[in-house]
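Work through the exercises below with the sequence and the model open. Try each task before you read its solution.

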Amino acid sequence: MGRKRNQGKARKAAKAKAEERANDDNNQRRNGRQQQSLAALMQQLQNGAASDTKCWHGCQHVDKMCIHLVDAFRDAFYDTSGDADISDCLTAAHYAAMNKFADVWNDSAKMEIAISLLLFMGTQFVLDGNYTIARDFATFTRYFEEHVAVKLHQTRALVNFPKIIETYLAGNPFDMHKHPSDLHTLVKFFRKRIFCSCLDAKYEEVKSITKVGFCFNLQCNLPRVERSETMYCSRCRSVTYCSRECQTAHWAQHKPVCDTSAAQIAEFEAKQQNA
């Protein structure tokens with residue numbers, strides 16, 4: 001009993017340290033470069049102030065309205081961060097961008113330009129070694145991609161939220177001994193999306209790092225696990241768990257969401273078959 005109690009205390013202490021570190025990251029983002037406009041950041045980076053590279057990583061067209069949309073999304077995300085979880089931050093950012101720049105938000109071609117801007121910035125931050133900000137830009141990129149696929153192109157029924165969580169966890173250490181920053185996922189995310197070889201060398205450095213997944217059971221003692229050990233809910237595929245026990249423990253909370261998601265998937269598949 002004493003050993004279990006001590007292990008429980010150790011896990012709680014690890015969580016407390018992680019939360020403190022997350023708050024520090026939030027403060028860093030609020031007080032650092034992210035307060036600059038995207039246009040100013042792009043100019044600073046492209047002039048070589050933060051990196052020796054002059055490559056645009058496939059970003060060939062800069063649209064001012066797309067820049068303003070990204071700024072609005074990013075600012076709302078950071079303004080909501082702190083005690084709020086990632087879903088609340090993304091929801092606030094979603095509505096801020098949609099309400100202020102609907103013409104861009106609802107135009108798939110313009111959203112692709114916004115995505116290319118995010119990829120350029122995120123890649124530059126990786127090359128600079130600023131993984132916390134790069135992680136945020138990867139998360140924004142993933143969310144934009146999901147929005148385009150689900151709402152604009154309508155090629156999928158639901159947003160793949162576990163993938164967004166995996167992206168957000170990359171570059172954000174929870175347990176430095178067991179699960180250091182998942183730079184493998186972070187660097188690979190940008191490398192597979194850009195049209196240059198700028199991240200090839202960095203990928204060789206980090207590809208041996210274990211990829212990290214997330215357990216959606218909020219009572220899980222250590223929700224970050226090796227991704228190969230996670231399992232999707234087979235019914236909705238909207239959440240992942242580290243074990244069957246965690247899936248069972250979370251079922252009462254997850255069931256309403258699962259029912260809604262499963263119904264949306266069924267409706268989407270029926271429309272696809274009748275199209």
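**Exercise 1. A charged pair.** Are Arg-227 and Asp-182 buried or exposed?

*Solution.*
Step 1. Know the source. This is a predicted model, where local features need pLDDT of at least 70, side-chain atom pairs count only at pLDDT 80 or more, and totals for chains, interfaces and linings use all residues. Residues are numbered from 1 along each chain as its sequence is written, and side-chain values use heavy atoms, with hydrogens and water left out.
Step 2. Apply the cut-offs. Buried means under 20% relative accessible area, exposed means over 50%, and partly exposed lies in between (1.4 Å probe, protein chains only). Arg-227 is buried, and Asp-182 is buried too.
Step 3. Check the pairing. A salt bridge needs a side-chain nitrogen of Lys or Arg within 4 Å of a carboxyl oxygen of Asp or Glu. Arg-227 and Asp-182 form one, with the closest N and O atoms 3.3 Å apart.
Step 4. Place the partners. Helices (H or I, at least four residues) and strands (E, at least two) are DSSP runs, numbered from the N terminus. Arg-227 lies in the loop between β2 (224-226) and β3 (231-232), and Asp-182 in the loop between α8 (161-169) and α9 (183-191), so the pair ties together parts that are 45 residues apart in sequence.

**Exercise 2. More salt bridges.** Describe the bridges of Arg-235 and Arg-74, then find the network that holds Arg-227.

*Solution.*
Step 1. Arg-235 meets Asp-259 in a salt bridge at 2.7 Å, N to O. Arg-235 lies in the loop between β3 and β4 (240-241), and Asp-259 in helix α11 (residues 244-274), so this pair ties together parts that are 24 residues apart in sequence.
Step 2. Arg-235 is partly exposed at 43% relative accessible area. Asp-259 is partly exposed at 28%.
Step 3. Shared partners join Lys-163, Glu-166, Asp-182 and Arg-227 into one network of salt bridges.
Step 4. Arg-74 pairs with Asp-75, with the closest N and O atoms 3.7 Å apart. Arg-74 is buried at 2%, whereas Asp-75 is partly exposed at 34%.
Step 5. The salt bridge count comes to 14.

**Exercise 3. Aromatic pairs.** How many aromatic pairs are there? Classify Trp-56 with Phe-120, and Phe-73 with Phe-144.

*Solution.*
Step 1. Rings of Phe, Tyr and Trp (its six-membered ring) pair if their centres lie within 6.5 Å; planes under 30 degrees apart are stacked, over 60 edge-to-face, and the rest tilted. The count is 14 aromatic pairs.
Step 2. Trp-56 and Phe-120 are stacked, at 4.6 Å centre to centre with 25° between the planes. Trp-56 lies in the loop between α2 (38-46) and α3 (64-80), and Phe-120 in helix α6 (residues 108-128), so the pair ties together parts that are 64 residues apart in sequence. Trp-56 is partly exposed at 30%; Phe-120 is buried at 0%.
Step 3. Phe-73 and Phe-144 are edge-to-face, at 4.9 Å centre to centre with 90° between the planes. Phe-73 lies in helix α3 and Phe-144 in helix α7 (residues 131-152), so the pair ties together parts that are 71 residues apart in sequence. Phe-73 is buried at 0%, and Phe-144 is buried at 0%.
Step 4. Both belong to one aromatic cluster, whose members include Phe-73, Phe-77, Trp-105, Phe-144 and Tyr-168.

**Exercise 4. Helix packing.** At what angle do α3 and α4 pack?

*Solution.*
Step 1. Axes are lines fitted to C-alpha atoms, for helices over the stretch in contact, and angles run from 0 to 180 degrees between N-to-C directions.
Step 2. α3 and helix α4 (residues 86-100) pack at about 145°, with their axes 8 Å apart.
Step 3. Contact means heavy atoms within 4.5 Å. On α3 the contact residues include Leu-69, Phe-73 and Phe-77; on α4 they include Ile-86, Leu-90 and His-94.

**Exercise 5. A histidine.** Which residues does His-254 contact, leaving aside neighbours within four places in sequence?

*Solution.*
Step 1. His-254 is in helix α11. His-254 is buried at 4% relative accessible area.
Step 2. With those neighbours left aside, His-254 is in contact with Cys-233, Cys-236, Val-239 and Tyr-241.
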